[in-house]
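Reader: Hi! I have a structure to look at for class and could use some company. Could we go through it together?
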Amino acid sequence: MTDKTATTTEATDTDTAGTDTAGADTVGIDEARNDAAGADAAGAETATGTGEAGPGDGAVGGDDVLVTVEDLKVHFPIKRGIVLERTAGYVYAVDGVDLTIRRGETYGLVGESGCGKTTLGRGLLRLVEPTGGRIVFDDTDVSTLKGETLRKSRRRMQMIFQDPLSSLDPRQSVESILVEGMRAHGLDSGKEATRARLVELLDSVGLPESALHKYPHEFSGGQRQRIGIARALAVEPDLIVADEPVSALDVSVQAQVLNLLEELQQRLGLTYLVIAHDLAVVRHISDRIGVMYLGSLVEEASSDEMYAEPMHPYTKALLSAVPVPDPTVEDEREQILLTGDLPSPANPPTGCRFHTRCPWKQDTLCDTNRPELRDVGGGHRVACHYAEDILAGRISRHEVEPELVHPDA
Ligand SMILES: Nc1ncnc2c1ncn2[C@@H]1O[C@H](COP(=O)(O)OP(=O)(O)OP(=O)(O)O)[C@@H](O)[C@H]1O
């Protein structure tokens with residue numbers, strides 16, 4: 001996350017105030033990272049991960065690349081029959097995604113419900129087994145790791161979930177929740193050191209020591225999400241996949257949790273993949289944004305460029321639906337309304353998967369040829385036949401919109 005804290009940093013930490021809280025003034029986890037007996041640890045459900053990196057096969061990209069995903073596919077079989085079960089087809093939840101996440105950045109992943117964002121995040125961490133493709137984490141190909149190597153590797157990639165209540169075991173105290181992952185990775189080194197580490201972890205997410213002996217139901221939604229974040233941090237990860245981290249929270253609390261994530265990122269050098277359907281949230285925290293549609297990326301750009309110059313008609317439609325933050329400012333943007341529902345990922349359209357809802361569909365081209373995600377300049381990637389035209393010099397980038405013909409025009 002680069003300098004995107006402007007709006008939310010002003011929020012007061014009301015969520016952590018209240019009955020048992022400590023201010024959001026966090027301290028010391030970075031020192032703990034240095035101190036903590038350098039072993040590798042893991043968090044059970046929380047996480048996952050992949051490769052205990054090290055020199056390995058598949059060096060990809062420059063030094064600044066932490067994660068490379070190549071042609072990732074996750075297809076879920078559709079089972080039919082009770083006695084004789086057979087595979088009647090597949091849900092193509094993720095169907096050929098290529099992306100890189102740079103060290104220390106926040107990559108925002110957006111798209112409608114059901115387009116495969118969660119499955120991509122889980123596939124990347126191997127919480128769900130990919131059907132195909134490759135995942136390279138810190139120069140190590142982790143797609144093929146198994147058993148103990150995979151388990152060990154999971155320490156470095158953790159996940160935080162949308163609904164902190166359902167992702168925290170109601171029968172476990174906060175202490176037990178936090179210690180579980182540390183123990184799994186040999187980071188619980190002695191009673192006193194572990195206790196100090198737990199207190200430090202809580203402090204880093206703005207919760208007091210007294211939280212240790214409480215249970216998830218005793219906290220507010222925002223506080224529970226802080227516990228989820230502490231659980232992920234407990235094993236000293238490099239990458240955190242945050243799946244809709246604030247969408248279950250009150251609007252007033254969302255900014256506080258986002259601020260906390262930003263602050264932790266700066267202090268600990270964390271890398272984030274943030275999954276969200278709320279484009280306002282993603283814009284605020286992301287350095288780069290990927291837009292998913294029916295299992296694939298259709299556009300990727302820096303956050304600023306994505307909002308200033310979206311090129312894919314799906315991205316334009318998503319952005320045109322985001323309300324203007326200042327109600328006194330007249331909204332002069334073109335409203336692009338998508339017709340129809342998201343097609344089933346079990347039966348995706350031929351050609352460009354978006355063509356059935358695209359206001360600018362070109363007959364026979366878009367419904368037969370699937371456009372590739374192509375760089376149209378400066379790392380801005382678009383999967384659209386118009387992007388192909390730009391690359392081929394048939395139209396200029398700035399002519400795209402006026403040249404497009406809406407079927408209702
Ligand atoms: N374990 C599974 N078995 C079968 N189908 C699945 C499974 N998990 C997800 N799917 C299907 O894969 C598709 C993508 O789901 P996914 O949850 O990844 O989308 P999403 O973009 O994260 O949506 P949401 O924002 O609603 O979580 C959906 O059609 C979903 O029903």
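Author: Happy to! Keep in mind that this is a predicted model. Let's begin with one residue: Arg195 has 15 C-beta neighbours inside 10 Å, so Arg195 counts as partly exposed.

Reader: Why is Arg195 partly exposed and not buried?
Author: Being buried takes 20 or more other C-beta atoms within 10 Å, and being exposed takes 12 or fewer. Arg195 has 15, so Arg195 falls in between.

Reader: Cool. Which helix is Arg195 in?
Author: Arg195 sits in helix H6, which covers residues 191–204. The C-alpha atom of Arg195 is 44 Å from that of Gly96, and the two residues are 99 apart along the chain.

Reader: New topic: the sheet. What's the strand order?
Author: The order is E3-E2-E5-E6, an open sheet of four strands with antiparallel pairing. E3 and E6 (140–141) are the edge strands, each pairing on one side only.

Reader: And what holds strands together in a sheet?
Author: Strands of a sheet pair through backbone hydrogen bonds.

Reader: How many bridges are there between E2 and E3?
Author: There are 13 bridges between E2 (residues 65–80) and E3, and the two strands run antiparallel. Val69 is opposite Leu99 in E3. The E2 and E3 hairpin has five residues between the strands, and Gly81 there has a positive phi near 90 degrees.

Reader: What about E2 and E5, how many bridges there?
Author: Five bridges join E2 to E5 (residues 132–137), again antiparallel. Here Val67 faces Phe137 in E5.

Reader: Which strands does H2 lie across?
Author: H2 lies across E2, E3 and E5, at about 115 degrees to E2.

Reader: Now the ligand. Which residues come nearest?
Author: Of the 13 residues around the ligand, the nearest are Phe76, Ala93, Ser113, Thr118 and Thr119. Strand E3 (86–102) and helix H2 (117–124) are the elements that each give two or more residues to this shell. H2 gives the most, with three residues.

Reader: How many of the shell residues are polar, and how many nonpolar?
Author: Seven are polar and five are nonpolar, with one charged residue besides.

Reader: Last one: what domains is the chain divided into?
Author: Domain 1 spans 8–277 and domain 2 spans 292–403. Their contact takes 21 residues from domain 1 and 14 from domain 2.

Reader: Which element gives the largest share on the domain 1 side?
Author: That's E3, with 11 residues. By class, this side of domain 1 has 11 nonpolar, six polar and four charged residues.

How values were computed
Residues numbered from 1 in each chain as written. Predicted model: local features only at pLDDT ≥ 70, side-chain atom pairs only at ≥ 80, totals over all residues. Near = placed C-beta within 6 Å. Nonpolar A, V, L, I, M, F, W, Y, C, P; charged D, E, K, R; others polar. Domains from an automatic or database assignment. Contact = placed C-beta atoms within 7 Å. Pairing = 2+ DSSP bridges. Axes fitted to C-alpha atoms, helices over the stretch in contact; angles between N-to-C directions.
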